[in-house]
Protein chains: 2
Amino acid sequence: MENPGYGSGGYEGLHHQGDDDDDEMVDIAGATLDFSSTDDVPPLSSGEYDEHSSSSSSRAAGMNGIGHTKLVDPLEDPLPGVGTYEDFNTIDWVREKSKDRDRHREITNKSRESTVALLHSVSDAFSGWLLMLLVGLMAGALAGGIDIAAHWMTDLKEGVCLNGFWFNHEHCCWTSNETTFKERDRCPQWKSWAELIAGTSEGPFAYILNYLMYIIWALLFSFLAVTLVRAFAPYACGSGIPEIKTILSGFIIRGYLGKWTLIIKTITLVLAVSSGLSLGKEGPLVHVACCCANILCHLFTKYRKNEAKRREVLSAAAAVGVSVAFGAPIGGVLFSLEEVSYYFPLKTLWRSFFAALVAAFTLRSINPFGNSRLVLFYVEFHAPWHLVELAPFILLGIFGGLWGALFIKANIAWCRLRKTTRLGHYPVIEVLVVTAATALMAFPNSYTRMSGAELISELFNDCSLLDSSQLCGYKQPANTSDTGLDSLADRPAGEGLYTALWQLALALIFKILITVITFGMKVPSGLFIPSMAVGAIAGRLLGVGMEQLAYYNHDWLIFRGWCSPGADCITPGLYAMVGAAACLGGVTRMTVSLVVIMFELTGGLEYIVPLMAATMTSKWVADAFGREGIYEAHIRLNGYPFLEAKEEFQHSSLAVDVMRPRRGDPALAVLTQDGMTVGEVETLVESTHFSGFPVVVSPESQRLVGFVLRRDLLISIDNARKRQDGIVSASKVVFTEHTPAQPPEAPPQLRLRNIMDLSPFTVTDHTPMDITVDIFRKLGLRQCLVTHNGRLLGIITKKDILKHMAQIANRDPDSILFN
Amino acid sequence: MENPGYGSGGYEGLHHQGDDDDDEMVDIAGATLDFSSTDDVPPLSSGEYDEHSSSSSSRAAGMNGIGHTKLVDPLEDPLPGVGTYEDFNTIDWVREKSKDRDRHREITNKSRESTVALLHSVSDAFSGWLLMLLVGLMAGALAGGIDIAAHWMTDLKEGVCLNGFWFNHEHCCWTSNETTFKERDRCPQWKSWAELIAGTSEGPFAYILNYLMYIIWALLFSFLAVTLVRAFAPYACGSGIPEIKTILSGFIIRGYLGKWTLIIKTITLVLAVSSGLSLGKEGPLVHVACCCANILCHLFTKYRKNEAKRREVLSAAAAVGVSVAFGAPIGGVLFSLEEVSYYFPLKTLWRSFFAALVAAFTLRSINPFGNSRLVLFYVEFHAPWHLVELAPFILLGIFGGLWGALFIKANIAWCRLRKTTRLGHYPVIEVLVVTAATALMAFPNSYTRMSGAELISELFNDCSLLDSSQLCGYKQPANTSDTGLDSLADRPAGEGLYTALWQLALALIFKILITVITFGMKVPSGLFIPSMAVGAIAGRLLGVGMEQLAYYNHDWLIFRGWCSPGADCITPGLYAMVGAAACLGGVTRMTVSLVVIMFELTGGLEYIVPLMAATMTSKWVADAFGREGIYEAHIRLNGYPFLEAKEEFQHSSLAVDVMRPRRGDPALAVLTQDGMTVGEVETLVESTHFSGFPVVVSPESQRLVGFVLRRDLLISIDNARKRQDGIVSASKVVFTEHTPAQPPEAPPQLRLRNIMDLSPFTVTDHTPMDITVDIFRKLGLRQCLVTHNGRLLGIITKKDILKHMAQIANRDPDSILFN
């Protein structure tokens, strides 16, 4: 998804505002975005937070809790606001983790004193597990609800159940006695709209009536979806994975995981999927699970108050999302590890696994597919594959890679167009037009009319003799039962299959085109299912082709020896599966997690090798066109400050080349440890917009003492002026440990050592940037000071690094928008 | 395993030598160990390495490659030895990774110049994959060979095949026509020793003869094993996982992964397993795979020359080891990630998975089990489990946790005894005594006579009606076929089963006791199988108990509703599996990887929940007694410098409390950037044994310029004295960028800026130690300098941190032996 404000012109304003070349400025970027219509995203005035903010408890504590002239001990009772973050800012992982360790240490020490404290310590230790259990239960239940609702509404586009309108097609016909195996989806209780309105299901009139009703429902659903999103939760659109990646890397987007986003995303996801648009619900389920986790975090102080700890829970929630989307808990955990997480300590791995399992089993006990299966696409293949088949599998990998690379390029180009031209000003009309076009073109072709998940399920399926699907329209061998041949043996294609192939080919082209336009609209939209559908169609086509080739040419060298007549040598369903993996891999550049998800669908280790071959090829081919996956591409498009952990920094620049101030710029704004007055500090802070200031021994020596954040400085001075007697502009600001002597008539000093970071990170000016980038990534730094021979020289922020990287890649360094 | 030198008294010497309280001294610890009898561990004189060392190519380049008076550019042609490590030292990850990035950058830049360079660049990029392929193939093949040989030799203890002595029992009877299902392991071609020697298989005489032969073979095998290990490769003993963990964390143990270790370990592993000792081959297979990887690394410059890159390959090899041990590639990768790896970038994850798959399929195509199964224990359960059963599963978890904690305490106590008393001086006798005791007690009981893997396999197995095993000695229902009841329904226990249960109970006690003594002897020995065997026996006993309880008490509240008469409600095999997981978890403290390995054995997601419940309980229970797993305990026992990545550092000390020099110690030994002569530097270096020296601007300012390693300094000065004209003791040593002016009559200056690390890591004295420890872990530092207000104050090395941690935990800080 894009940043939800693009329709209002807010982006452009923001863009220009970000143009001035200051280091680490805190322009509260979001404030210029047009979010004011939602209560999820409050006006971002300093010190005020919405209910989902990390400092809700600090606000609750209120200003009254602070004594008047008493100096505040930073560990015991920090000033409200000190140590919190503003919206659209990057957190300092080191500080957050250190805070949590302090908290933990305190609890452990107290636990020796009394039984109550001991119980508190134990409950604190287990709160993480309890939270995981709750996240799993809630996300599993929500996913079940979404599945059931989407099923019902998808069927509603085609007809209604007479026994009760709340039954979906399959459900409706369960109670029917007349259902035979072949016609299990036809029963008198289920009426198509034509039957209901005109009383007939035959003839062109009925067809047109059904067609019309299909389009009307689709438009209604998508209109509702886009309107709800725009009205109540602009953050609910898109897949959410790029933003979650950014949030997990330490960025703050208030309200992105709030309760309104959750409610609206859940509802509109159902609507969007039901409208028949070429999108899936799997990606957005990750967002839904993360919202659940974020909301549940508020039940536990440990997680509510600490941004780093909360991100551990969110990492696990991402695993939960994939686990319920595909019924693949191990794959989900690996997805979280490989794809979205930034910090993923091993403790989180185990907890994620637990949460993913709970969620998967919650979903299964809800049983939305009515078959007690854990997995979304249950496949069971019987025939082994042969080494020769690796060639077509690798071909599918190449196709997947090409599709992935082209899709990303096309989709990003389209999104950029939407952002920069008038196209983006009419999101509702855009959604309606795309829905209408999709419905118009999809209805006549049965493979596009069915939902993406159904299509994939059918394509993965291996044809048994009894299968009535068109895809299994093979010519029946005359005497199967007599010859005793394998009932799944390769057979010649019949009429039905040829029709199916043509329809599939058309569906392929249609899906490829429409998905590019659909992903990025202002409705919740996932990419997993559309990508997999494209790959599954291509794979099935190739599979049937191979099958027929082998059937008619048993004597060819490549088939000889393993594909005798009457044997089941080619499984077209397996080709579909390999194709789906290849295309999904090309788009997202997932590797291990993708293979493991697919493995969990089949449950057979044998098929891992084809999947792996295709995924590897697909990644290599796609990487040759550009190393970014779709999520990274969208992160870059939106200018989020995301420092990619996978790519090595290859340029040979040094820290001195990246740091600010640059040569010729004015000197770095610093505070001295005991030489400045309150007035001077205020002037310095107001004349700049740096988010923090180094403190040095003296301007001459430039020896570094510590680092003070702008926000903490402002809050503290403000507080001291109001509540501490005698603090005036002429008061000295003192950062030293011992109060320096001063003339007796001087005003009292303002001691601020407690808000100073005494252990700022430093690198020398000669440090290669690859090492510096490594430090930023691994430790989760927000800024780092640069010294030369022990003297402070400059500062490097995360934004500086991202700008530098953009410059090296010949991109606009000002495309990085946030701090 | 212990450090192989304990028998020679070398340990004690080392211990005292490590006693003096100097910071980061380079005592080449291993030099005092008695390795001189093996060619795998060469005498550790400076500059000389065995063929497996990282600098073999540097040595090949020779001293002749260096021009006489020409100053050497550090990037192009470093002095041989500069930038390499001595044995038993810790590597600097940052430097190694930076070196690799430089190399990569150079290749990328050159690739634009010519086609050859482009091809070189491509082949360089793919060399990692090729290496993985080779590692997978080699490790898979070796594991197959080990399996086959161990099978054959285990059977050799009981008898021999007349068709050819190289057939094992099962193989021998394959060709027999007389084999019925019930007696498939009895055939005329297979003769027990009594039959062969005395011509009879009945009566007490034959029994005693067989007994005797069994013991003789066992003694022969174990004698060969221990002798070979002692004679050729002392590093080949034990499981190897503690050492591999330490190596992966950045420690150097030359020869530990060399070709002699590989050859001897492979042979002696077969011997040790065949001797019937209570040990498994699964852990040592990880060591074998790592040896393969290390040896194959020498084919590729990229990996041969870079310690950090090589460790990426070793991480993958650990995954390969588990993959071939259990036939569980995904579990193997997670094992490597969770248990042994230190740095595990995502690129490695994907490659590990590839290598693990290759290895698993290589092993399967060798087909050592003769059943085309990928997994070691193939289990297929049919009955679902019920929620009530979680109670016994959690009970098994508690048992596993208790066993794990007690085993670790007992085993460590025993190993310490072995190390400190005369017991350790007679390793061969020890092995022979334990083997004799094991064989004596194991033979009469069929469950201890069979190999551990066979035992586990039988315990996991679910009884079908036709099963002839004693464990399936249920009373047959009179009319199974008539009533049409489930053929696997719960049945009352019969005579055979009661006998089996008694034997199992005895086997449990025997295994518990003997494993404590066995693990740590001077033969290759894994812990996976013995631990799993203990758990599987306990689980099976509980499972059968539950089954009988349910059979006779259908009407109890807890059974009502889900366990009606004639239903298959309890699966004792599942209990065995859960018990095995719990015990293995208690000993190793594995979590996710353990559950995934077990999941891969069954292939059914349903059984994950019991496994998870038991593993979680087991870990919590065991952690309550001590948070170390068996591998960490052995690492500590051996004093390796391993900085645990999983545990949070909880103490509230600051960097200033840990750094050297301590208050009252002599000042830190520093070099100045242009104020010292060669003679002064040499005096300073010789009067201390620090492994590196900070360089400051001047002794008065103490402003830090850089850091020089002792080894590099010595080599460079030595080289300059020999080859650079005019370098005498009075020559000034200069670390500055520009040569300072000096009187014309002064001797030429020695410029050493190229060996100085210009970007040493620094923290301030107020940095909390939890953050410092985090930095050390995440960046893989070897040392870090401490500053106060821009002035150099001291230094913290990895050893200082480990000593500090030992002190906090009330352990002897001098137990950390190496740098």
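**Figure 1. Surroundings of Q702(A), a residue that counts as buried with 20 C-beta neighbours inside 10 Å.** The structure shown in this and the following figures is a predicted model. The cut-off for a buried residue is 20 or more such neighbours, and therefore Q702(A), with its 20, is placed in that class. Q702(A) belongs to the loop that runs between β5 (692-696) and β6 (704-709) of chain A. Its backbone has a positive phi of about 55°, although Q702(A) is not a glycine.

**Figure 2. The stretches of chain A annotated as a CBS domain.** According to UniProt, in an unreviewed entry, the feature "domain: CBS" is placed at residues 659-723 and 756-813 of chain A. Residues 659-723 of chain A are 37% helix and 23% strand, with 38 Å between the end C-alpha atoms. For residues 756-813 of chain A, the content is 38% helix and 28% strand, and the end C-alpha atoms lie 31 Å apart.

**Figure 3. The cis peptide bonds that precede P661(A) and P661(B).** In chain A, the bond from R660(A) to P661(A) is cis, with omega near -5°. P661(A) is found in the loop between α26 (655-658) and β3 (671-672) of chain A. In chain B, R660(B) and P661(B) are likewise joined by a cis peptide bond, for which omega is about -5°. The loop between α26 (655-658) and β3 (671-672) of chain B holds P661(B).

**Figure 4. The crossing of helices α3 and α12 in chain A.** Two packed helices are described by the angle between their axes and the distance between the axes. Here the axes of α3 (residues 93-111) and α12 (residues 307-326) of chain A come within 7 Å and cross at roughly 95°. An angle of 65 to 115 degrees counts as roughly perpendicular, and α3(A) is therefore roughly perpendicular to α12(A). On the side of α3(A), the contact is made by W93(A), E96(A), K97(A) and D100(A). On the side of α12(A), E307(A), A308(A) and K309(A) take part. By class, this contact of α3(A) with α12(A) has two nonpolar, no polar and five charged residues. As wider context for the view, chain A has 30 helices and 11 strands. Of its 819 residues, 55% count as buried. Of the contacts in chain A with a separation of 6 or more, 74% are between residues 24 or more positions apart.

**Figure 5. The contact between chains A and B, with 48 residues from each.** A rotation of 180° with 0.0 Å of shift along its axis superposes chain B on chain A, with an RMSD of 0.0 Å. The two copies are thus related as by a two-fold rotation axis. In chain B, the C-alpha nearest this axis belongs to G790(B) and lies 2.5 Å from it. Because 100% of the interface residues of chain B are also interface residues in chain A, the copies meet through the same surface. The contact takes 48 residues from chain B and 48 residues from chain A. Elements that give two or more residues to the side of chain B include α3 (93-111), α13 (329-340), α23 (592-602) and α29 (769-779) of chain B. The largest share of that side, seven residues, is contributed by α14(B). By class, the side of chain B that touches chain A has 25 nonpolar, 14 polar and nine charged residues.

**Figure 6. Helix α8 of chain B and its surroundings.** Eight of the eight residues of α8 (residues 241-248) of chain B are buried, so this helix is largely enclosed by the rest of the structure. The buried residues are I241(B), P242(B), E243(B), I244(B), K245(B), T246(B), I247(B) and L248(B). What covers them includes α10 (282-297), α12 (307-326), α13 and α25 (630-638) of chain B. Just after α8(B), G250(B) takes a positive phi of about 115°.

**Figure 7. Two loop residues of chain B, F88(B) and Y378(B).** F88(B) lies in the loop between α2 (56-61) and α3 of chain B. Its phi is near 55°, a positive value in a residue other than glycine. F88(B) has 23 C-beta neighbours inside 10 Å and so counts as buried. Y378(B) is located in the loop between α14 and α15 (390-420) of chain B. With 16 C-beta neighbours inside 10 Å, Y378(B) counts as partly exposed. The C-alpha atoms of Y378(B) and F460(B) are separated by 8.7 Å, while the two residues are 82 residues apart along the chain.

Definitions and conventions:
Residues are numbered from 1 along each chain as its sequence is written. Chains are lettered from A and ligands numbered from 1 in the order in which they are written. This is a predicted model: local features need pLDDT of at least 70, side-chain atom pairs count only at pLDDT 80 or more; totals for chains, interfaces and linings use all residues. Helices (H or I, at least four residues) and strands (E, at least two) are DSSP runs, numbered from the N terminus. A residue is buried if 20 or more other C-beta atoms lie within 10 Å of its own, exposed if 12 or fewer, and partly exposed in between; C-beta atoms are placed from the backbone. Two residues are in contact if their C-beta atoms, placed from the backbone, lie within 7 Å. Copies are superposed by least squares on the C-alpha atoms of residues with pLDDT of at least 70 in both. Ala, Val, Leu, Ile, Met, Phe, Trp, Tyr, Cys and Pro count as nonpolar, Asp, Glu, Lys and Arg as charged, and the others, Gly among them, as polar. Axes are lines fitted to C-alpha atoms, for helices over the stretch in contact, and angles run from 0 to 180 degrees between N-to-C directions. Angles under 35 degrees count as roughly parallel, over 145 as roughly antiparallel, 65 to 115 as roughly perpendicular and the rest as oblique. UniProt positions are given in the numbering used here, feature names are shortened, and annotations may be inferred rather than shown by experiment.
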